Amino acid sequence: MKKIKYVLPVCLVALLFSCGKKEEVQEETLPLVKLQQVKVQPVDQTFDYTGTVQPFNENNIAPSMPLRINRILVEVGDVVKAGQAVATMDQAQYAQQRAQLNNLQVTYERMKNLYEVGGISKHDLDQAETAWVVAKTAAQNLDENSTLRSPISGIVTARNYDNGDMFSALPVIVVQQLNPVKVLINISEELFPKIKKDMPVDLKLDIYPDQIFNGKISLIHPTIDPVSHTFVAEVSIPNADLKVRPGMFGRITLSLGTVDHVVVPDQAIVKQQGTNERYVFVYNQDSTVTRQTVELGRRLDNRYEIVSGLKKDAQVVIAGQTRLLDGIKVEVQD
């Protein structure tokens, strides 16, 4: 019976030792990974922006002084030409000003004759001339405001008064130039040296999903927003048929040619949880892997363009990343 008491603990120790060796062997098993050589290929450098269509120009037509509106000659939706009359104003003030101007002109001529014969002083003549010039300017101003004309060709988009109303704050007529139209886009500052005037762009509108409208960069704003680190570029779109209207939502595509960049399968890209960081595991000659942060460009079907962070001769892990840590040794699956 005493021999049995000593045999059991010995067996138990042997069993535990055996289990420990098995666990130790399992811990030494290397992660199994699958690799792929990265490729370098030309990648189209296209950039997409969104924006709302705006009129190329907008003119708020109104007199320069409070006047009663005699007659409005156009209606909302009418097409007008540059220089076309759109409203006439009451002529009563103009008639009064013309009568006053005539009287002051007669007075000035009489004072001028008196001055030539020594009947009045030069000061009196200057006062008469000043009054006549002021009245003449006022009459010209009233004459110019008696008929309101559109300075641009476009479409009437607002009429804020009726015949007989007194003009106050709002413009009488609003005319928008719709050929061309424009879209303002905010472009990242690193592209500022590359964006040039007259660069071609494409516009797609939600309302016309199967049609592409061709345009160009018409104006580049010269300053960078210090908060968003973007600058504004104006895109002009020819619009002879007036299909594109202000307020439509559109997407602008801008192409800057092609650049040779590294391209990797999408299986190689890992996202760091809780951040926007993307990384890959690069295989080294000593059978270890290095975690490498990368900057992604465009998605190309089942691949990604790598803008920076990866060499063109690298081999990346495309399967088995779940067990990997930076610097760990791995076993490559054939």
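This is a guided tour of the structure, going from the whole chain to single residues.

**The whole chain**

Begin with everything displayed, and keep in mind that the model is predicted. A colouring by secondary structure will bring out three helices and 18 strands, and a colouring by relative accessibility will mark 32% of the 334 residues as buried. If you draw a contact map, count the contacts between residues at least 6 apart in sequence: among these, 72% join residues at least 24 apart.

**A three-stranded sheet**

Select residues 69–72, which are strand S3, together with 147–149, which are strand S6, and then add residues 85–89, which make up strand S5. These three strands form an open sheet in the order S3-S5-S6, and the pairing is antiparallel. S3 and S6 stand at the edges with a single partner strand each, so one side of each has no neighbour in the sheet. From one strand to the next, the twist averages 25°.

Next, restrict the view to S5 and S6, where the antiparallel pairing extends over three bridges. To find a bridge here, pick Ala-85, whose partner in S6 is Arg-149. Backbone hydrogen bonds are what pair the strands of a sheet, whether parallel or antiparallel, which makes a backbone display a useful choice for this stop.

**The largest nonpolar core**

Now move to Ile-185, Ile-187 and Ile-252, the residues with the most contacts inside the largest nonpolar core, which has 24 residues in total. Strands that each supply at least two residues of this core include S2 (39–61), S8 (173–188), S10 (208–220) and S12 (249–265). S8 gives the most, with five residues.

Which residues does Ile-252 touch, leaving aside those up to four places away in sequence? Its contacts are Phe-47, Asp-48, Tyr-49, Val-183, Ile-185, Val-201, Asp-202, Leu-203 and Val-235. A second, separate core of 18 residues can be displayed in another colour, with Ile-61, Val-80, Ala-87 and Phe-167 among its members.

**Strand S11 and its partners**

Select strand S11, residues 230–237, which is among the strands that supply at least two residues of the largest core. S11 is mostly covered, since seven of its eight residues are buried, that is, under 20% relative accessible area. S8 and S11 run antiparallel and are joined by eight bridges, and within this pairing Ile-185 stands opposite Ala-233 of S11. S10 also pairs with S11 in the antiparallel sense, over four bridges, and here Leu-219 stands opposite Glu-234 of S11.

While S10 is still in view, pick Ser-218, which has its place in that strand. Is Ser-218 buried or exposed? Its relative accessibility is 14%, and Ser-218 therefore counts as buried. Not counting residues up to four places away in sequence, Ser-218 touches Phe-56, Lys-197, Glu-234, Val-235 and Ser-236.

**The largest pocket**

Turn next to the largest pocket, which has a volume of about 460 Å³. To centre the view, select Gln-45, Phe-47, Glu-190, Leu-191 and Val-307, which lie nearest the pocket centre among its 19 lining residues. The elements that give two or more residues to this lining are S2, S12, strand S15 (289–300) and strand S16 (303–308). S2 provides the largest share, six residues. Phe-47 also deserves a second look, as it is one of the residues touched by Ile-252.

**Backbone details**

The last stops concern backbone geometry. In strand S8, select Pro-180 and examine the peptide bond that leads to it from Asn-179, which is cis, with omega near 5°.

Then go to Ser-287, in the loop between strand S14 (278–283) and S15. Ser-287 has a positive phi of about 70° although it is not a glycine, and with 26% relative accessibility it counts as partly exposed.

Finish at Asp-301, in the loop between S15 and S16. Here, too, phi is positive in a residue other than glycine, with a value near 55°. Asp-301 is exposed, with a relative accessible area of 67%.

Conventions
Residues numbered from 1 in each chain as written. Predicted model: local features only at pLDDT ≥ 70, side-chain atom pairs only at ≥ 80, totals over all residues. Heavy atoms only, no water. Pairing = 2+ DSSP bridges. Axes fitted to C-alpha atoms, helices over the stretch in contact; angles between N-to-C directions. Core = buried A, V, L, I, M, F, W, Y, C linked by side-chain atoms within 4.5 Å. Buried < 20%, exposed > 50% of the residue type's maximum accessible area, 1.4 Å probe, protein only. Contact = heavy atoms within 4.5 Å. 1 Å grid on protein atoms, 1.4 Å probe; cavity = no way out; pocket = protein on both sides within 12 Å on 5 of 7 lines; lining within 4 Å. Points joined across faces, edges and corners; volume = space filled by probe spheres on them.
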